Amino acid sequence: MRALITRPEQEAENLHRKLQARGIQADCAPLLAIDIYRDVALPLQDVTAVLFTSINGARAFCANSPRRDLAVYAVGEATATAARAEGFSVVEAAGGDVEKLAALVRQRHRPADGALLHAAGATLAGDLQAMLQADGYDVRRVTLYAAKPAVALPAAVATDFAAGRYGAALFFSPRTAAVFVTLAQQAGIGGGAAACTALALSANVAAMLAPLGWAEIRIAATPREDDMLALLDE
């Protein structure tokens, strides 16, 4: 099995080691470069919990504030794990998208319990702030990072994908999936998908992959890295 990892560089390195431990040869093609903003003044007065909709949101918040005493509501398990690794102790994870994160907040946190700060990226996957404000929450959204899309696939990856040399490609976000499809189509190598199974973290990710004629698109049982790896183990 030869696999293609499309995660940003830091996550790609960690995942690459896990695939190697399984005897799977893997190449990395980070499709988003993360630019964390520094020295951002955070409006934390009366804030009792933070909302992390990505691993990078957790890292960006921690790059701008020493506060670890706040409760954390994370979009999924990977983001929750990143928050715990940064020093947060009260962390709850939702089911992998902003709608489920909003539902978790409504269950666990009343508007009277204090304001919420959303550590957001420049590109939003759903308006979490508006969802919760409609229910009376004080939600403060601060843009703390940008995920910049790649302008082309690495030349070696493009050549090998076109030749059908990848048995699996792993996609962890709708935006990464959309960027890959666009770059493959622009390079005229979309036909390489016929030899490759696309592994998607969620149904939303799978929907972005649909324009290419994959051998198969498989969706993780839950939006966790372990369940993505389980697809490979199968």
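**Residues, sheets and cores: questions and answers**

User: Which residue offers the backbone nitrogen that the side chain of threonine 79 reaches?
Analyst: A polar contact is a pair of N or O atoms within 3.5 Å; within protein, one must be able to donate a hydrogen and the other to accept it, and residues adjacent in sequence count only if both atoms are side-chain atoms. At 3.4 Å, the side chain of threonine 79 reaches the backbone nitrogen of isoleucine 55.

User: What kind of model is this?
Analyst: Residues are numbered from 1 along each chain as its sequence is written, and side-chain values use heavy atoms, with hydrogens and water left out. Local features need pLDDT of at least 70, side-chain atom pairs count only at pLDDT 80 or more, and totals for chains, interfaces and linings use all residues, since the model is predicted.

User: Is threonine 79 buried or exposed?
Analyst: Threonine 79 lies in helix α3, residues 77-85 (helices, H or I of at least four residues, and strands, E of at least two, are DSSP runs numbered from the N terminus). Leaving aside residues up to four places away in sequence, threonine 79 touches Phe52, Ser54, Ile55 and Ala74 (contact means heavy atoms within 4.5 Å). Its relative accessible area is 5%, and the limits are under 20% for buried, over 50% for exposed and partly exposed in between, with a 1.4 Å probe and protein chains only. Threonine 79 is therefore buried.

User: Which residue in β5 is the bridge partner of phenylalanine 52?
Analyst: Strands β4 (residues 47-52) and β5 (residues 71-74) pair in the parallel sense over 4 bridges (two strands pair if DSSP finds at least two bridges between them). In β5, phenylalanine 52 has as its bridge partner alanine 74.

User: Which strands stand at the edges of the mixed sheet?
Analyst: This open sheet is formed by 6 strands in the order β3-β8-β7-β4-β5-β6, with mixed pairing. Each edge strand has a single partner, so one side of each is left without a neighbour in the sheet; these strands are β3 (32-36) and β6 (91-93).

User: Which residue in β9 is the bridge partner of isoleucine 5?
Analyst: An open sheet of 5 strands with parallel pairing follows the order β2-β1-β9-β10-β11, and its edge strands β2 (25-28) and β11 (216-219) each pair on one side only. Within it, β1 (residues 2-5) pairs with β9 (residues 168-171) in the parallel sense over 3 bridges. The partner of isoleucine 5 in β9 is leucine 170.

User: Which element gives the most to the largest nonpolar core?
Analyst: That core has 45 residues, with Phe171, Phe180, Leu209 and Trp214 making the most contacts inside it (a nonpolar core is a set of buried Ala, Val, Leu, Ile, Met, Phe, Trp, Tyr and Cys residues joined through side-chain atoms within 4.5 Å). Elements giving two or more residues include β1, α1 (9-21), β9 and α7 (174-187). Apart from it lies another core, of 22 residues, among them Ala58 and Cys62. The most in the largest core, 6 residues, comes from α7.

User: How many disulfides does the structure hold?
Analyst: A disulfide is a pair of cysteine sulfur atoms within 2.5 Å. The sulfur of cysteine 28 is 14 Å from the closest cysteine sulfur, that of cysteine 196, and therefore too far for a bond. Cysteine 28 is partly exposed at 32% relative accessibility, whereas cysteine 196 is buried at 1%. The number of disulfides is 0.
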